[in-house]
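User: Please take a close look at a single part of this model, one strand and the strands that pair with it. Then set that part in the context of the rest of the chain.

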Amino acid sequence: MKGGVTEEHLYLAYSHQFEDCIFPLHTSVSLFLLSYCDCKLFKVFLVPSSDSTDDQVFGKAQPDDLEVHFVSRCQLPLVVQSCCLPAIVEEKGKFCRAGLSVVLRHIIQKTYEVDPSKKLVLELLGFKKTCLKACAEVSQWTRLCEISIPQAVESLLNASPDQYQAIPPEVLLLEKKLGEPVRVHNDDKIRRQKLQQQKADDKTAAPALAKRATKNLSPEGNQVDQAQKEIVEIKDQEPASLEQRVAFSKLVGQEIPATTSREPSHIRKTKTSDLPPLEHVFAEGLYFTLADVVLLPCIHQFLVFSKKHNKKVLDLPLISSWYHRVQEVPGVKSTAAKCNMQFLQFPDLLSFPDEQLRAFCIIPDDLEEEHEDNQFIGGPRPTMTKLMESGIEAKFSPHPCPRWTLDWNSLPAAVSPGEGKMSSDRALRKQQQLNNLVSMVTKLSKPGDVIVDFCSGGGHVGIVLAHMLPSCQVVLIENKELSLERAKDRSDELRLHNIWFIQANLDYFKGTFNIGVALHACGVATDMVIEHCIEAHAAFVICPCCYGFIQNTVKFTFPRSHRFKEVLSYKEHMILCRFADQTAVQLPPERRLIGKHCMGLVDLDRAWAAEGCNYSVQVMSMEPESCSPKNNMVVGVPI
């Protein structure tokens, strides 16, 4: 305990260091944030990637004000060994947070919780505190900041100099993102202020430009060179943009003074669509956030590498401007000094001609955000008929134990889902859903098994399993912190000792297990759970949900199975997914029946894909079917 605060241990991977950088970059980013927040709440451990790593060479890149310890992988708490680093766990605790975004967000929240005067630290989480909160599996922005750019820069730094042919496409994608219009809360007001400023600037700039143009006209023919020189001079004299003044006024705790007079009528009457867009000041828009903290060490190393190998990179004008603007944020330069980061300045970065810039700025299709046509015309019948003509129809296996039920009245109150804030009718349906999953897991499990409750939410499935199967180890994995904390409170009340809690995206869990279970895993999350189970050669019991959210991602394309791919296009498969969501109880019976059939077809595709990986898979309905509109259950066992 430190001043009444439970000490937590932060584990960071450590492979090597080069000059002012510790690898992997996730570790450099984590150390930078700790120093920026002036956070001493965590005991920090570096985990060498191999036993041969020499901890004596560590030092130069370590923040001056931070004590760091070394620990081998085999000495880590078991729950941490199951996760990718970085990870945070309470001392001798069972609650682990893993993955860069989750860990960094926790550092920020903990810093503010202990010292509420550090409001600027909390502001790193952005509006509604959602910065980098979305999973990298579904958010292109989180994936770019958390995974793609760090990995791309590391690959560049580890490659030989002669292999550097072009700017990494991930960096080019960031450049593109910085050029997109900014959307912020209440941006209409700021955009009208910008329009008013632009019109005022136009009135004062026109006479000056006319005077300069007259002055520059000369028979010697040097107008172009002189004009370029004047443009540079004008830019150097330009005051900060409205966006920059808004951004930096927030950083220093000041508000831009409101105009005393009302906006002119022509400004008020301007349509929103005709207002000028807001430009990026920082990575996510106008305000300095955690995304900037994550990107800064990565882009810094990219720029240092480029300078060292005489690669001029101001053909990335937006990234270069962002890089120097971030340095002006209060606390950034002092943090960089503590971490021995030596920022580059503009003379160190020279630009390419625009023609060469255009040649560089080619972003591969797999990094571009997909904008699929979701406006489908017509119903699912043509697609269903097409499958039927190919001999493909939804098939539901009989439920092996349709009347199996837990004796809920004899169980402790904290085991029941009714313990939470839900109506009695909903609690009854939740109990019926749990009866189905628990019956299947009980049938498949044996003493000593590790059972993982993916997308666990408040722990309804995992807590029942941990209570009913004391000889098994149960692991709850959930990205939402509040849901997982509620689950832990219920577990503590029951004094369960065979349960772990991991706040992380699914991809950050790397432990071995025997059975994977998920109740109402949303959209592509079902496919991610199935993939995890196949990789671990584990059985799975999954109740899918939110079929309408299914779409192609970086990791998954649809249809999943070879047989479905031979018959359906991606768009046709999406038609099935959209109509599979048409099962709500208030819909007409015929429409619900079509929705159920579409659910069966989508899950049959998933089942056949798993069978191609040597699994025996059954799709069945939960009993009673009224327990949920999404009542399919997919059960797979490795052969």
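Analyst: Y11 has F45 as its bridge partner in strand 4. The model examined here is a predicted one. The bridge between Y11 and F45 belongs to the pairing of strand 1 with strand 4 (residues 42-48), which is parallel and extends over seven bridges. Strand 1 also pairs with strand 6 (residues 87-90), here in the antiparallel sense and through four bridges. Within that second pairing, E8 is matched with E90 of strand 6. Strand 1 thus has a parallel partner in strand 4 and an antiparallel partner in strand 6.

The burial of strand 1 completes this picture. The strand spans residues 8-14, and six of its seven residues are buried. In a regular strand, side chains alternate between the two faces of the sheet. For strand 1, the computed accessibilities describe an element that is mostly covered.

The loop that leads into strand 6 has a feature of its own. P86 is located in the loop between helix 2 (78-81) and strand 6, and the peptide bond from L85 to P86 is cis, with omega near 10°. A second cis peptide bond links F558 to P559, with omega at about 0°. P559 is likewise a loop residue, placed between strand 12 (539-545) and helix 20 (562-567).

Backbone angles of another kind deserve mention alongside these. H537, in the loop between helix 19 (525-535) and strand 12, has a positive phi near 55° although it is not a glycine. K128 is a further non-glycine residue with positive phi, in this case near 60°. The loop that holds K128 runs between helix 4 (119-122) and helix 5 (140-158). K128 is classed as exposed because its relative accessibility is 66%, over the 50% cut-off.

Another lysine, K177, has a contrasting setting. K177 is part of helix 6 (residues 169-178), and it counts as buried because its relative accessibility of 14% is under the 20% cut-off. The side chain of K177 makes a polar contact of 2.9 Å with the side chain of Q140.

The cysteines can be treated together. The structure contains zero disulfides. C135, for example, takes part in none, and the nearest cysteine sulfur, in C455, is 8.1 Å away. For C543, the closest cysteine sulfur is that of C545 at 7.0 Å; a disulfide requires a separation within 2.5 Å, so this pair is too far apart for a bond. C543 has a relative accessible area of 0% and is therefore buried.

Finally, some values for the whole chain give the context for strand 1. The protein chain has 22 helices and 14 strands. Of its 639 residues, 51% are buried. Of the contacts between residues at least 6 apart in sequence, 74% join residues at least 24 apart. The accessible surface of the protein chain is about 31000 Å², and carbon and sulfur atoms account for 52% of it.

Key:
Residues numbered from 1 in each chain as written. Predicted model: local features only at pLDDT ≥ 70, side-chain atom pairs only at ≥ 80, totals over all residues. Heavy atoms only, no water. Buried < 20%, exposed > 50% of the residue type's maximum accessible area, 1.4 Å probe, protein only. Helix = DSSP H or I, 4+ residues; strand = E, 2+ residues; numbered from the N terminus. Pairing = 2+ DSSP bridges. Polar contact = N/O pair within 3.5 Å; in protein donor to acceptor, adjacent residues only side chain to side chain. Contact = heavy atoms within 4.5 Å. Areas by Shrake-Rupley, 256 points an atom, 1.4 Å probe, with all protein chains shown as cover.
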